[in-house]
Amino acid sequence: MNCPIIQLAQQLIKIPSISPNDYGCQKIIIDRFKKYNFLIEIMSFNDTTNLWAYHGKQGKTLAFIGHTDVVTAGVIKDWSYNPFIPTINNGFLYGRGSADMKGSLASMIVAAERFINTFPNHIGRLAFLITSDEESKAINGTKKVINELIARNEQIDYCIVGEPSSNIKLGDIIKHGRRGSLTAKLTIKGTQGHIAYSHLANNPIHSSLPFLNELINKKWDNGNIFFPPTSVQIFNINAGIGNSNNVIPGELVILFNFRFNTELNEEKISKKVKTILKKYKLDYKIEWSLSGHPFLTKKNELIDITSKIIKLHCGYHPKLLTDGGISDGRFLSQIGAQVIELGPLNKTIHKINECINIIDLQQLSIIYQQIMQKILLI
Ligand SMILES: [Zn+2]
């Protein structure tokens with residue numbers, strides 16, 4: 001197909017860059033950026049390849065954020081087409097990463113090329129931050145690059161994360177925030193003993209039930225106009241000594257995860273959990289791990305500009321939402337940028353037969369280019 005966006009997307013899809021591998025995807029992007037005199041920096045940490053590149057030297061910075069890694073294809077024979085042989089059928093491009101997010105990467109890169117061709121002397125900085133570790137641990141990717149940029153006093157004013165944010169039609173949804181994610185590993189201690197002599201033991205499964213009940217039924221907050229109420233899910237419970245039917249276990253391990261909004265934070269949640277544990281007089285040990293703070297970009301210029309452009313091109317106003325899992329947007333907000341996520345439809349992401357509408361990718365590229373023009377020419 002004679003469209004530079006689709007050609008680039010196909011080139012990238014051909015590379016089986018299962019997270020956190022990049023396998024040369026970023027090299028393809030770097031070679032293109034070099035032709036446009038981008039300042040290029042490869043910032044690799046351990047198993048992760050990261051690219052920080054920008055064009056223009058002064059003024060406000062508009063950064064596009066993306067990733068070259070993909071999730072596993074699963075059972076390849078279940079696909080209609082090989083997930084790493086990009087195939088076009090009926091106006092759709094099939095392949096792992098076509099929607100999440102090699103397609104939007106191609107859209108934003110070609111948009112940047114067209115923009116620079118038309119406005120080689122634009123005022124602001126047009127930047128790209130691309131990682132190969134978004135789909136797995138996200139430890140050595142955007143998070144580390146942002147920490148490094150913060151340490152250098154780099155300024156990023158506006159960020160567009162190209163994650164597939166659209167739901168039914170291209171651009172129908174802009175994500176302007178995400179909930180935080182906090183996991184607890186709770187160990188309840190009891191006393192191991194013979195089931196027939198339960199008075200000599202202390203069963204941690206029994207003693208923890210009132211606590212667990214309160215944990216899942218508690219109203220943690222009421223949410224706010226931007227976020228739904230905080231929720232918790234227990235996702236693993238483990239106790240017991242093999243299959244023996246006469247031993248009361250001495251320990252119970254419970255894993256649970258909070259998806260929390262901007263009304264709460266790590267400290268407030270752990271304090272509330274501690275209070276409940278105390279109430280039921282449990283002997284416990286708890287370890288917390290925070291995967292992401294919530295972030296929120298309240299109504300601002302970037303949302304206004306993007307909404308107007310979408311209205312102009314698509315004929316409808318996008319909805320602002322904060323739902324979904326965590327994304328790299330959480331790291332960008334730490335640098336003080338206005339952050340939104342705007343990308344193609346998310347209907348097939350991480351699924352068998354992942355695909356993307358070709359016209360959507362072309363439209364998305366025009367929308368990205370319009371945003372560049374609106375922000376970088378003032
Ligand atoms: Zn993604």
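**Figure 1. Contacts in the predicted model often link residues far apart in sequence.** Take contacts in the protein chain between residues at least 6 apart in sequence: 79% of them join residues at least 24 apart. The model is predicted. Buried residues make up 44% of the 378 residues in the protein chain.

**Figure 2. The protein chain holds helices and strands.** The count is 9 helices and 19 strands. The C-alpha trace spans about 80 × 45 × 40 Å along its principal axes.

**Figure 3. Four strands form an open sheet.** The strand order is β12-β14-β10-β15. Pairing is antiparallel. Strands β12 (231–239) and β15 (283–292) are the edges, and each pairs on one side only. From one strand to the next, the twist averages 15 degrees.

**Figure 4. Strands β10 and β14 pair within the sheet.** Strand β10 covers residues 180–189, and strand β14 covers residues 251–260. The two run in the antiparallel sense and pair over 10 bridges. Ser 181 stands opposite Arg 259 in β14.

**Figure 5. Helix α6 packs on the sheet.** The helix comprises residues 266–279. Helix α6 touches three strands: β10, β14 and β15. Of these, β15 is an edge strand, while β10 and β14 pair with each other. The direction of helix α6 makes about 160 degrees with that of β15.

Methods:
Residues are numbered from 1 along each chain as its sequence is written. This is a predicted model: local features need pLDDT of at least 70, side-chain atom pairs count only at pLDDT 80 or more; totals for chains, interfaces and linings use all residues. Two strands pair if DSSP finds at least two bridges between them. Axes are lines fitted to C-alpha atoms, for helices over the stretch in contact, and angles run from 0 to 180 degrees between N-to-C directions. Two residues are in contact if their C-beta atoms, placed from the backbone, lie within 7 Å. A residue is buried if 20 or more other C-beta atoms lie within 10 Å of its own, exposed if 12 or fewer, and partly exposed in between; C-beta atoms are placed from the backbone.
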